[in-house]
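Let's take a walk through this model together. Keep the coordinates open as you read.

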Amino acid sequence: MAELERDLRALAASLDLPEQPDLVEAVRARLTAQRPRRSFWRPLAVALAVAAVALGIAFAVPPARSAILRFLGLESVTVVRVEKLPPAARLPLAFGDRVSLAAAERRLGYRPLLPNLGRPAAIYLDPADELLIVLYGTPLRIRFSEFRAGPGLVQKLVKTTEHVREVRVDGRPGLWFPGPHVVLELDGQPRLTGSALVWERDSFTFRIEGRLSLAQAQRIASSVGR
Amino acid sequence: MHQGIAFRTAFVVAGSAADAEDAAQDAFVKAYRALGRFRRGAPFRPWLLRIVANEARNRRRSAGRREQLALRAAADAASGDAAPSPETSLLSAERREQVLAAVNRLPDEQRLTVGCRYFLGLSEEETAAVLGCRRGTVKSRLARSLARLRTDLGEADG
């Protein structure tokens, strides 16, 4: 019964298919030729992040021509494995406006869920009122961020040799990045970062970065909103 | 990655490598412009493949190609230095030709369904997006295709 199906699958390996052309360059040329430069801000960054899901990192970080090996990801976070990390600055940990928690809540339109880490050192909200960044510790020790999930909003680049672990946070899907990786956030700037835990809950995406072990990160993650 | 599966899907639908390349390129540009209409939370690949398949069908139509793509097995690498992959070596050359010929004798829709599911390795949802039909239709069409292939190959059904 299954023999035919097995043979059909096996046949796929020996089919004569034409060689894969490089679509990335052609598509990028067409898109950049027609794109007005002025709208360089957020809509573009968001669109780029999603388009990059389709075509690879060539969009978001033009100099990087590394081969993209495979994807994995959560709904709103796409992980792209590349052979070489693109050049990325150690940008400031936060961007947007420094706000009070009350102001953040007002602008976001909901009460943000925070980890049980005591009083934040600083809170930032991006200009579009979508991404909340909360810094903890003096000197800074932990960066916590949250935003409403949308597909491919944030992209993370990981070297092919790095392990990315699929983990659970309170039974919900998450990813653990044990080593350096590059993040493209809503501001569209590639930022080099260390280990991080990312997870999704309801329609939100949370991230914790810092010098933490997975167990520590998971403990903090479990405290969010408690 | 998406560009590989997009191109192969376009090839299977359009029936020519040049058309497939153009169709995949157009599809990516269109997808990029249509990102605002992409339903948040929906899986990305079926959405993309639907656009790819539409582009490929349009090209095929405007090229006036009526005959379906005849899938061929690649030239046998047995004499070369590359060892046959485990999947390939499961199949004798004779069986491979027989099965492929039977697939090529299928009616267009069934051949495309088999191509999507087994040759391109698409999921049912992705296949439905490519064919522009419901998932249930993919299932029943696939069952009919397999039954027909078995009869054609002289294998007992079931």
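What follows goes from the nonpolar cores to a helix residue and then to a loop.

Bear in mind that this is a predicted model. A good place to begin is the largest nonpolar core, which has 45 residues. Look for B:A10, B:A24 and B:V52, since these have the most contacts inside that core. The core isn't confined to one domain of chain B: domain 1 (2–62) and domain 2 (89–152) each supply at least three residues. Now zoom in on B:A10. Leaving aside residues up to four places away in sequence, B:A10 touches B:A20, B:A23, B:A24, B:V52, B:E55 and B:A56. There's also a second, separate core, this one of 29 residues, and A:L114, A:L131, A:F147 and A:A196 are among them.

Back in chain B, find helix α7, which covers residues 124–131 and holds B:E125. How exposed is B:E125? B:E125 has 14 other C-beta atoms within 10 Å, so B:E125 comes out as partly exposed, the class between 12 or fewer (exposed) and 20 or more (buried). Setting aside residues up to four places away in sequence, B:E125 touches B:P46 and B:R135. B:G136 sits eleven residues from B:E125 in sequence, and their C-alpha atoms are 9.5 Å apart in space.

Last stop, chain A. Between β8 (165–169) and β9 (172–177) runs a loop, and A:D170 is in it. Check the backbone here: A:D170 has a positive phi of about 50°, even though A:D170 is not a glycine. A:D170 counts as exposed because it has 12 C-beta neighbours inside 10 Å, and the cut-off for exposed is 12 or fewer.

Note on methods
Residues numbered from 1 in each chain as written. Chains lettered and ligands numbered in written order. Predicted model: local features only at pLDDT ≥ 70, side-chain atom pairs only at ≥ 80, totals over all residues. Helix = DSSP H or I, 4+ residues; strand = E, 2+ residues; numbered from the N terminus. Core = buried A, V, L, I, M, F, W, Y, C linked by C-beta atoms within 7 Å. Domains from an automatic or database assignment. Contact = placed C-beta atoms within 7 Å.
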